[in-house]
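Reader: I'd like to learn how to read a protein model feature by feature. Could you walk me through one?

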Amino acid sequence: MRLHRIRLRDFRGVHDREVALAEHGVTVLQGDNEVGKTSTLAALDLLFDAADSSRRAEIRAAQPAGVDAGPEVEAEVSTGPYRFTYRKRWLRRPRTELHVTAPAPEQLTGADAHARVSAILDETMDRVLWRGLRVEQHSGVGQADLGGQDALTRALDRAASGHEAARPDPTVDDGLVERAVEELRRYRTPSGRATGELRAAEVRLADAEAEHDRCRAALEATERDVAARDRLDADLGTVRARRRAQGDEVAELEDRWAGLQSRLREVEAAGDQAVLARERADAARDRRAARDALIAAVAADADAASRAAAARDAHDAEHTTAREDRDRRRADDTDARAEATRARHAADAADRAVSAARDRAELLDLAERLRRVGDAASGLAAAERAQAAATVGADDLAEVEDLARDLLRAEAARDAAAARVELTVPADGDGLTLDVDGETVTLAAGETRTLPVAAVRAVSLPGVLAVRVRPGLDDAGRDDAVREATRALAGACEDLGVADLEAARAACRAAEDAARRAGEHRAALARELAGHADTAALRTAHDAVRDRLEGVEATTDDVAALRTAAGTAREEAGTAARRADEADAACRAAEDAVRESETRSAVLTERAADARHAHARRAEELAAARVDEPDAALADAESTRRDRAREAEREHETLAAALAGDDPDTVEVLVTNARAVAERLTGEVARLEREHAETTGRLQAAGAQGWHDQLAAAATELEAAGRAHETVAARAAAARRLHETLARHRERVRRSYVAPFRAQVERLARIVFGPTLSLEIDEDLRITHRTLDGTTVAFGALSSGAQEQLGLCARLACAALVDPADGVPVVIDDALGHTDPERLARLGAVFTAATAAQGAAQVVVLTCTPERYHGIGAATVVPLTPSRRPGADSADDRDDHAGDRDEPARPIDPAPATAPGTVVDLPRAPRAG
């Protein structure tokens, strides 16, 4: 691709400028900051990529500030066999115009023009290479992404093979490798798991093995059941005989146990009598002990009453002394309180003076906060109105983007599956002009044109032949799918009130911006209202402070002096208060001492009375008890009942000893165990009978299944499945081996591309670094190491200047290697900022060497520091000056802008007279009306 000229109108800060570029060699566009150098490159990207209906952020940013006009770009370009002039305007009266001058004239407008230019560029230009050979202002030179570039790969293939034209090599045919991959994917997924035929063969083999194992297990289970039934017959006879013998033993032991049970009851009765006699003896002993304890308690109560009376008399003297001390402390407390009250009144007066001064400062602060709250509320209301007007949210945008992707997939599926018609003119004949779907198509001698048939196509040779080609039903269905996807996308955009996907994205971004501004204003409101619920609360606080100051005389006293005086008064008040507190504490302590003494006196008096009453009550209780039962009678009753208890215990021990000789516990255990054994044998017989019945039932069911026949059939299927699996597995292994071999060979051939590229880069880099330089380059054509004077350094460890110098050499080497028909301009926007003056001079020679050949690449340099590029001997220098709107500050010019709405479109001049390497600042054409 070659850029012949670029014209900007109302694009950022450029009013109207046309720049002509040299088709070969270096063109330097130099000018001050903000003169529009980078805008030229950005305008070219928008011209090629953005439709005139687009309103994305880059286009809105290109609109000149303060001017009601849409940005406009025009470029004259050559690419492949095509040469065309392409103009586009956005925002204000959008327009797209295309004028093709070669190989055949064409004039298109609107979306057709945009689509035609996109098709031409896709056909003739390596877009990835176009991006890779550019150095934009906001990024360093650094490494270029050159691996996998189609145009460079073809050039390196020619250089590696030593021929002018690239020769086909089936070993590096990506299509062959892809077909090998497709064949491998018939059997294996990318992760290596089996799929397709191989998966089906593995599933069949696994099913056959499972069925064979199931039949074999069932046959073995039947054989085990036959042996189990024979064993159960023998076990049943043995257990039944043991159960009959155990029944006889149980009957004998039960008769013996019945005789021992009557003797056990006699022993238990004698034991009960002995226990009753012992309880009565213990009760008599307890009554005599209680009488002795009562006598001792009467004596103790008399002694306690005497001690309580003595303690009461001693405490009365101490109580009189405590009352006298309390009266003295009360007088001291009254004097201290009066002094503290006087000092506190003085401190309160000083605090009120300081509070009034502080309130006046707070009133000023609250007034300022109320003003800022009003500003934030106004901004928030404006942002919320913008949010309310938004029609496109994040979910809506996601839905529109999904519909756009569905449309792209439907179009791709339609185009991929569509049939094609090839039109070929014999090489020895003349050119031919055809009518294809109402459009004139000219074919040169030997030219072939391929037409996809996604819908009905009409091809005619006027006056000779007419051909109509219709797609099959499947193609028509895919075309319907495309139309349906198009209607769905248009309907979604219409529902949202936007024109297309880009408009929906712009509306969504506007809503998000409004939400952001609303959040900022809410944060400002929250910050200013800190400590208050809302604006009304803040205003209430302001009014409250103002009301407090009403009636307060404004003073000019120094606040610091007031605070000092208030501090002194508070200290004096604090001292007086502490003295009053000390006197009060002493008074309270004296009061507490008197109250404690009074309490102690009352307690001692009450204790003395309680002791007297307790002694009298116990003495009366002892006298009454002796009347009912004298002390001697209690002693006689205790002795008599103790003797009777001993006699009953001796009788019980005699009966128990006689019974123990017959060992009744052992007899009881034997009876219980014999009964349990009988029950267990009965359960064992029932279990064996149940297992015998279950085994017999399984054998009868197995006899009807025919497991021998099923096992034979399963073995046959297992053998067949194994053979089928071996066959498919062998094909899968062969496919994998083929893919690995082709991929390995393709990588080896790609490694051979490195040598010619390295040679070209080293040729240019040695101009800068000297003859000892050598480079290491990986398979992705990225410089990994630099060796200079025998010292090897990794690329990432080099200085920024060395990295940008090598990166520039790599880009220029790529441009020099690529065929002129495949090449694209090298664009460098204000680079080499890290390069020293000596190497800058050498880099000028690099530019010259890279662009000196016949049909050399086109290099465009944009810079605001021309001295960096003075060393380029063959450069075409284009100085840029500011291009401003004439009379932009006058009222008449503002009137002219109002007429822009009716300005007619200017026709494209397909053959401008501007010489290469010149810049023309053009005045605006007169407006109609």
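**Reading helices, a loop and cavities**

Author: Happily! Let's begin with a helix: H11 (residues 535-549) has 15 residues, which at 1.5 Å a residue should span 21 Å, and its end C-alpha atoms are indeed 21 Å apart. Keep in mind that this is a predicted model.

Reader: Which residues of H11 are buried?

Author: Here is the general idea before the case: an α-helix has 3.6 residues a turn, so residues three or four places apart point the same way. In H11 the buried residues are Leu538, Ala541, His542, Val545 and Leu549. They sit on the same side of H11 because they cover an arc of only 100° around the axis.

Reader: What length does helix H8 reach?

Author: Helix H8 (residues 394-417) has 24 residues and reaches 35 Å from its first C-alpha to its last, close to the 34 Å expected. Its buried residues are Leu397, Val400, Glu401, Leu403, Ala404, Leu407, Ala410 and Arg414. Note that charged residues are on that list too, including Glu401 and Arg414.

Reader: Now a loop, please. Where does arginine 56 lie?

Author: Arginine 56 is in the loop between helix H1 (37-49) and helix H2 (57-62). Its relative accessibility is 21%, and buried means under 20%, so arginine 56 counts as partly exposed.

Reader: Which residues does arginine 56 contact, leaving aside neighbours within four places in sequence?

Author: Those contacts are Leu46, Asp49, Ala50, Glu502 and Arg509. The C-alpha atom of arginine 56 is also 9.9 Å from that of alanine 507, although the two are 451 residues apart along the chain.

Reader: What share of the contacts in the whole protein joins residues 24 or more positions apart?

Author: Among contacts with a separation of 6 or more, that share is 74%. For the wider picture, the protein has 19 helices and 21 strands, and 37% of its 929 residues count as buried. About 51,200 Å² is exposed, with carbon and sulfur atoms supplying 52% of that area.

Reader: And how many cavities are there of 30 Å³ or more?

Author: First the idea: rolling a probe the size of a water molecule over the atoms shows where empty space is left. Here the count comes to three cavities of 30 Å³ or more, and the largest has a volume of about 110 Å³.

Reader: Which element gives the most to the lining of that largest cavity?

Author: H1 does, with three residues. Strand E1 (2-11) and strand E19 (858-863) each supply at least two. The lining includes Leu3, Leu41, Trp130 and Val860.

Key. Residues are numbered from 1 along each chain as its sequence is written. This is a predicted model: local features need pLDDT of at least 70, side-chain atom pairs count only at pLDDT 80 or more; totals for chains, interfaces and linings use all residues. Side-chain values use heavy atoms; hydrogens and water are left out. Helices (H or I, at least four residues) and strands (E, at least two) are DSSP runs, numbered from the N terminus. The expected span of a helix is 1.5 Å times one less than its number of residues. Buried means under 20% relative accessible area, exposed over 50%, partly exposed in between (1.4 Å probe, protein chains only). Contact means heavy atoms within 4.5 Å. Accessible areas come from the Shrake-Rupley method with a 1.4 Å probe; for residues, only the protein chains shown count as cover. The arc is that of the directions from the helix axis to the C-beta atoms. On a 1 Å grid over the protein atoms alone, a cavity is a set of points where a 1.4 Å probe fits but cannot get out, and a pocket is an open set with protein on both sides within 12 Å along at least five of seven lines; lining residues have an atom within 4 Å of a point. Grid points are joined across faces, edges and corners, and a volume is the space filled by probe spheres set on the points.
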